[in-house]
Amino acid sequence: MSTYAGSWTLDPDRTSITFHTKAMWVLPVKGTFRALEGAGEVGADGSLSGTLVIDAASIDTGNKKRDDHLRNADFLEVTAHPAITFTATGAVATPAGKVEVTGELTVHGRTKPLTLLAEVSATGDSATVSTEVEIDRSLWGLTWAQMGAGLKNRAVVTAHFHRP
């Protein structure tokens with residue numbers, strides 16, 4: 001990890017955040033969020049800290065009525081909680097060549113620990129961090145589940161960073 005030592009800044013335009021869930025118990029629903037900002041610092045000893053800030057109101061499933069519902073108080077309540085934030089507090093390289101990133105995820109005003117298994121690739125002054133994680137939204141108080149809405153969501157993040 002020391003080859004990544006230094007400061008890194010997120011490129012929101014090249015970063016993708018998608019999620020997958022189920023509606024009515026069986027219907028797949030896919031959506032996206034837009035990254036607002038982010039940064040990271042990797043120490044020469046491999047220590048890591050950083051943030052990824054997501055625009056909660058940017059949720060887009062391709063269905064305006066559903067998206068408006070996801071933005072209201074039943075789900076994200078974006079007027080009171082406009083951002084979803086992951087704060088990385090540490091990382092450890094795994095024998096399989098991936099990186100286990102520990103941190104906290106703040107959604108809907110609640111912060112909970114979250115560990116991600118990520119792939120990191122870097123060339124020169126750019127780096128890509130990719131991860132896929134299952135999130136039980138009820139842990140963040142998002143328990144609305146009428147009509148078979150799934151409580152478990154799979155998030156896929158591909159974040160692009162560059163050295164400032």
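This briefing walks through strand pairing, one aromatic pair, two loop residues and the salt bridges of the structure above. Please keep in mind that the model is predicted. The structure holds six salt bridges, and the count of aromatic pairs comes to one. Threonine 61 and lysine 98 each get a closer look, since both make polar contacts through their side chains.

**Strand pairing**

- Strand S1 (residues 6–10) and strand S3 (residues 27–42) run antiparallel and are joined by four bridges.
- Within this part of the fold, tryptophan 8 has glycine 40 in S3 as its bridge partner.
- S3 also pairs with S4, again in the antiparallel sense, over nine bridges.
- Here alanine 35 stands opposite isoleucine 54, which belongs to S4.
- The hairpin of S3 and S4 has five residues between the strands, and glycine 46 there takes a positive phi near 90 degrees.
- As general background for reading such strands, side chains in a regular strand alternate between the two faces of the sheet.

**The aromatic pair**

- Two numbers describe a pair of aromatic rings: the distance of the centres and the angle of the planes.
- The count here is one aromatic pair. Phenylalanine 19 and phenylalanine 33 have ring centres 5.6 Å apart and planes at 45 degrees, so the pair is tilted; an angle under 30 degrees would count as stacked and one over 60 as edge-to-face.
- The two rings link distant parts of the chain, with phenylalanine 19 in strand S2 (residues 16–23) and phenylalanine 33 in strand S3, 14 residues apart.
- Phenylalanine 19 counts as buried because its relative accessible area is 10%, under the 20% cut-off.
- Phenylalanine 33 is buried as well, with a relative accessible area of 15%.

**Threonine 61, between S4 and H1**

- You will find threonine 61 in the loop between strand S4 (48–60) and helix H1 (64–71).
- Its relative accessibility is 13%, so threonine 61 counts as buried.
- The side chain of threonine 61 makes a polar contact with the side chain of aspartate 67 at 2.5 Å.
- Another polar contact, at 2.9 Å, runs from the threonine 61 side chain to the side chain of arginine 66.
- Leaving out residues up to four places away in sequence, threonine 61 touches Phe19, Val29, Lys30, Gly31, Arg66, Asp67 and Leu70. One of these, Phe19, is a member of the aromatic pair described above.

**Lysine 98 and its partner glutamate 119**

- Lysine 98 sits in the loop between strand S5 (83–93) and strand S6 (99–107).
- With 30% relative accessibility, lysine 98 counts as partly exposed.
- Apart from neighbours within four places in sequence, lysine 98 is in contact with Val92, Ala93, Leu117, Ala118 and Glu119.
- Toward the last of these, glutamate 119, there is a side-chain polar contact of 3.5 Å.
- Lysine 98 and glutamate 119 also meet in a salt bridge, with an N to O distance of 3.5 Å. Because lysine 98 lies in the loop between S5 and S6 and glutamate 119 in strand S7 (residues 110–123), the pair ties together parts that are 21 residues apart in sequence.
- Glutamate 119 is partly exposed, at 47% relative accessibility.
- For a sense of distance, the C-alpha atoms of lysine 98 and lysine 152 are separated by 24 Å, and these residues are 54 apart along the chain.

**Other salt bridges**

- Glutamate 132 forms a salt bridge with arginine 154, where the closest N and O atoms are 3.1 Å apart. Glutamate 132 lies in strand S8 (residues 126–136) and arginine 154 in strand S9 (residues 152–162), so this pair ties together parts that are 22 residues apart in sequence.
- Both ends of that bridge are partly exposed: glutamate 132 at 49% relative accessibility, and arginine 154 with a relative accessible area of 34%.
- Salt bridges that share partners join Lys64, Asp68 and Arg71 into one network.
- In this network, the side chains of lysine 64 and aspartate 68 meet at 2.7 Å, N to O. The two residues are separated by about one helical turn, because they are four residues apart in helix H1.
- Lysine 64 counts as exposed, at 62% relative accessibility, whereas aspartate 68 is partly exposed at 35%.

Note on methods
Residues numbered from 1 in each chain as written. Predicted model: local features only at pLDDT ≥ 70, side-chain atom pairs only at ≥ 80, totals over all residues. Heavy atoms only, no water. Buried < 20%, exposed > 50% of the residue type's maximum accessible area, 1.4 Å probe, protein only. Polar contact = N/O pair within 3.5 Å; in protein donor to acceptor, adjacent residues only side chain to side chain. Contact = heavy atoms within 4.5 Å. Salt bridge = Lys/Arg side-chain N within 4 Å of Asp/Glu carboxyl O. Pairing = 2+ DSSP bridges. Phe/Tyr/Trp six-rings, centres within 6.5 Å; stacked < 30°, edge-to-face > 60°.
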